[in-house]
Amino acid sequence: MFTALLFVLLAVVSITFYSVYQRQQAQVAVLKKAREKIQLEETRVFDFLHGLGEAFTEDIRPGDLHRLIVEGAVRILDAHGGALYLIGRQGAVLLPSFISKDCPPLIEIPQAILKQSESLPLALQSYLRLHSVEPGEGIVGTVWRDREPLFLSGDDARLGNLRETTQITTSAMFSPLIFGHQNLGVIAVAKGPMSSPFSASDFAVFKAIAEQSAFALYNAIVYSEASEKRRLDLDLLVAQDIQRILLPSAAPDIDGFQIAGVNIPARQVSGDYFDYIKVDDDRWGIAIADVSGKGVPASLIMAMCRSVLRSKAEGNPSGADVLHQVNRQLYPDIKEDMFISMAYLVLDTRDKQITLCRAGHDAPLLYSAKEKTVTKINPPGMALGIDSGDVFDRITRDYSVTMEQDDCLILYTDGITEALDSNGFEFGMKQMILSIQASASDGASGLIKRLTDDLRNFIGTYPQNDDITLIVIRKK
């Protein structure tokens with residue numbers, strides 16, 4: 001009897017221990033499965049972050065980065081699809097940047113598009129890939145406007161508006177892409193009815209993905225802007241080299257005269273222009289011009305002006321007639337808010353006479369070696385590109401300039417007289433005349449050196465605000 005009782009007791013204990021063991025094994029299996037899931041998620045997240053990092057070791061195209069972000073989020077969260085909406089250039093709407101294959105609709109579809117898609121399936125896909133989203137429009141627009149992530153699942157009424165197609169959305173997560181104070185767009189992932197909905201832990205992972213994606217997108221924008229700036233800087237260097245070729249590298253050797261000139265652009269390229277043109281065997285044309293504005297637009301007008309002037313100057317001894325022709329040819333091609341001021345003179349090497357034509361340019365200065373004085377040569381004239389020709393031709397005429405031995409004629413642009421120091425004071429005409437009087441006896445090159453040195457000392461570290469061009473003609 002006692003033996004039978006002991007046997008029963010041992011059996012009960014064994015069964016109890018076995019039951020406990022089975023429960024423990026089941027718990028271990030559950031924990032092991034959960035651990036494997038966490039490890040898988042960690043591996044996927046690491047792969048996603050590694051992919052984003054690798055993207056910036058090479059010049060990745062925006063479209064490839066967008067695809068990398070969406071497909072990475074879809075893979076990590078085991079979603080059916082995802083989409084990326086980014087802010088447009090004007091900042092007013094979101095544009096679909098990437099929508100993965102078989103992604104359930106994440107925006108509301110108009111009834112007309114739904115009806116059209118019944119006979120033309122591509123109509124729905126075209127709408128999804130082309131439709132821009134305004135702030136507050138649908139779920140995507142609301143998330144963008146409110147700057148708050150959103151998790152929708154189950155019977156949430158807001159999902160109802162996304163269930164009117166054959167691709168039904170049963171669970172979805174949306175997040176704004178915010179870096180610093182910039183709201184770059186919205187990322188979203190979704191699941192259909194054939195899989196379990198997203199969980200709260202999925203939502204936490206998704207928000208982390210959105211945060212890293214925003215960082216990557218912002219860096220891509222900065223990288224793109226830096227690359228574009230490098231390309232523009234390179235283009236400007238090329239333009240600078242071309243413009244340097246267009247400007248004379250040295251003054252001509254003209255019997256009876258000493259000539260020197262310089263151009264100092266405020267930017268990489270200049271809207272100022274000067275030139276020496278051989279008119280014929282006995283005459284030289286000397287030009288200085290200032291195109292309104294600065295930088296690339298002004299430099300392009302300058303190049304066009306140079307080409308037209310050279311074509312009209314050859315063989316023509318009248319500066320006025322040359323500028324009449326130049327004005328008529330340039331006028332149709334110059335915008336209303338642009339013009340060119342120019343002084344053009346013809347120097348005759350036989351009788352050592354100078355004929356000046358001033359088209360609205362700063363009045364040239366004549367230094368008298370005998371009197372030690374500086375006088376403005378200010379004949380009437382109108383800037384190029386303002387009038388089609390009738391008024392310009394009537395006002396702009398030739399003017400004879402008489403020079404004695406050691407006299408100097410100075411042609412300049414307003415970048416000299418209007419140069420500013422750090423206190424906002426102009427270099428001015430008075431200081432320019434003092435520099436001329438102090439260095440006229442040093443010759444054409446010496447005068448230019450003294451004037452530019454005085455100008456640099458006056459400006460100091462303050463940025464040059466306008467192009468500077470200077471020509472000095474000294475009679476021997």
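The following conversation goes through a predicted model and asks how some of its features earn their names.

Colleague: What should I keep in mind about the model and its numbering?

Modeller: The model is predicted, with local features needing pLDDT of at least 70 and side-chain atom pairs counting only at pLDDT 80 or more, while totals for chains, interfaces and linings use all residues. Residues are numbered from 1 along each chain as its sequence is written, and side-chain values use heavy atoms, with hydrogens and water left out.

Colleague: What makes a space a pocket and not a cavity, and how much space lies in the largest pocket?

Modeller: On a 1 Å grid over the protein atoms alone, a cavity is a set of points where a 1.4 Å probe fits but cannot get out, whereas a pocket is an open set with protein on both sides within 12 Å along at least five of seven lines. The largest pocket holds about 790 Å³, a volume being the space filled by probe spheres set on the points, which are joined across faces, edges and corners.

Colleague: Which residues line the largest pocket, and which element gives the most?

Modeller: A lining residue has an atom within 4 Å of a point, and 26 residues line this pocket, with Pro 62, His 66, Ala 220, Ile 221 and Ser 224 nearest its centre. Helix 7 (200–246) gives the most, with 10 residues; helices here are DSSP runs of H or I with at least four residues, strands are runs of E with at least two, and both are numbered from the N terminus.

Colleague: How do you know whether the span of helix 2 agrees with what is expected?

Modeller: The expected span is 1.5 Å times one less than the number of residues, and helix 2, with 16 residues, reaches 23 Å from its first C-alpha to its last, close to the 22 Å expected. Asp 78, which follows helix 2, has a positive phi near 55°.

Colleague: Why is strand 8 called mostly covered?

Modeller: Buried means under 20% relative accessible area, exposed over 50% and partly exposed in between, with a 1.4 Å probe and protein chains only. Eight of the nine residues of strand 8 (residues 283–291) are buried, so the strand counts as mostly covered.

Colleague: What makes strand 8 a partner of strand 7 and of strand 9?

Modeller: Two strands pair if DSSP finds at least two bridges between them. Strand 8 runs antiparallel to strand 7 with eight bridges, and pairs with strand 9 in the antiparallel sense over nine, so both pairs meet the definition. Among the bridge partners are Lys 278 with Trp 284 and Ile 288 with Ala 343.
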